[in-house]
Amino acid sequence: MQTSNLTSKGQVTLPASIRKQLNLKTGDRIVFTLQDNKIIAEPLCNDISSLFGIIKSDKAVSLNEIEEAIAQVMLK
């Protein structure tokens, strides 16, 4: 368990190991939510390029197949 102190301004420093695991850098934004008296802190993801590679698949899909799948969904 890692700890941090709360400053008089309500600021907390995230431990370096957590910043590293979340790939957080200076200026990154973090979203805070409260659930069952627990604080949940998550990186705010505004940059679409940061989503690259999060979906893994063993099957290669062509652009044509993607466009066909989109067309099918749009018809529903």
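**Entry 1: the hairpin**

I started at the hairpin of β1 and β2, where two residues sit between the strands and Asp36 takes a positive phi near 50°. This is a predicted model, so I read every value below as computed. I placed Asp36 in the loop between β1 and β2. Asp36 is not a glycine, yet its phi is positive. I then checked its accessibility. Asp36 comes out at 76% relative accessibility, and exposed means over 50%, so Asp36 counts as exposed.

Next I looked at the pairing. β1 and β2 run antiparallel, and six bridges join them. I looked up two facing pairs. Leu34 has Ile39 of β2 opposite. Phe32 has Ala41 of β2 opposite.

**Entry 2: another positive phi**

I went on to Asn23. Where does Asn23 sit? I found Asn23 in the loop between α1 and β1. Its phi is near 55°, again positive in a residue other than glycine. Is Asn23 buried or exposed? Its relative accessible area is 52%, just what the cut-off of over 50% asks for, so I noted Asn23 as exposed.

**Entry 3: the largest pocket**

I turned to the largest pocket. I noted a volume of about 450 Å³ for it. Its lining has 18 residues, and those closest to the centre are Val12, Leu14, Ile30, Phe32 and Ala41. Three elements give two or more residues each to this lining: α1 (16-21), β1 (30-35) and β2 (38-43). Which element gives the most? I found that β2 does, with five residues.

I sorted the lining by residue type. Eleven residues are nonpolar, three are polar and four are charged. Phe32 and Ala41 link this entry to the first one. Both are among the residues closest to the pocket centre, and Phe32 stands opposite Ala41 in the strand pairing.

**Entry 4: Asn5**

I moved back along the chain to Asn5. I located Asn5 in the segment before α1. Asn5 has 67% relative accessibility and counts as exposed. What does Asn5 touch, leaving out residues up to four places away in sequence? I found Gln11 and Val12. Val12 is also one of the residues closest to the centre of the largest pocket.

I took one long distance from here. Asn5 and Leu63 lie 58 residues apart in sequence. Their C-alpha atoms are 51 Å apart in space.

**Entry 5: the whole chain**

I finished with the overall layout. I counted two helices and two strands in the protein. Along the sequence they follow the pattern α-β-β-α. The radius of gyration is 19 Å, while the globule rule gives 11 Å for 76 residues, so the protein is more spread out than a compact globule.

I checked the box next. Along the principal axes, the C-alpha atoms fill roughly 55 × 25 × 25 Å. How much of the protein is buried? I read 3% of the 76 residues as buried. Last, I looked at contacts between residues at least 6 apart in sequence. Of these, 0% join residues at least 24 apart.

How values were computed: Residues numbered from 1 in each chain as written. Predicted model: local features only at pLDDT ≥ 70, side-chain atom pairs only at ≥ 80, totals over all residues. Heavy atoms only, no water. 1 Å grid on protein atoms, 1.4 Å probe; cavity = no way out; pocket = protein on both sides within 12 Å on 5 of 7 lines; lining within 4 Å. Points joined across faces, edges and corners; volume = space filled by probe spheres on them. Helix = DSSP H or I, 4+ residues; strand = E, 2+ residues; numbered from the N terminus. Nonpolar A, V, L, I, M, F, W, Y, C, P; charged D, E, K, R; others polar. Pairing = 2+ DSSP bridges. Buried < 20%, exposed > 50% of the residue type's maximum accessible area, 1.4 Å probe, protein only. Contact = heavy atoms within 4.5 Å. Rg over C-alpha atoms; globule rule 2.2 N^0.38 Å.
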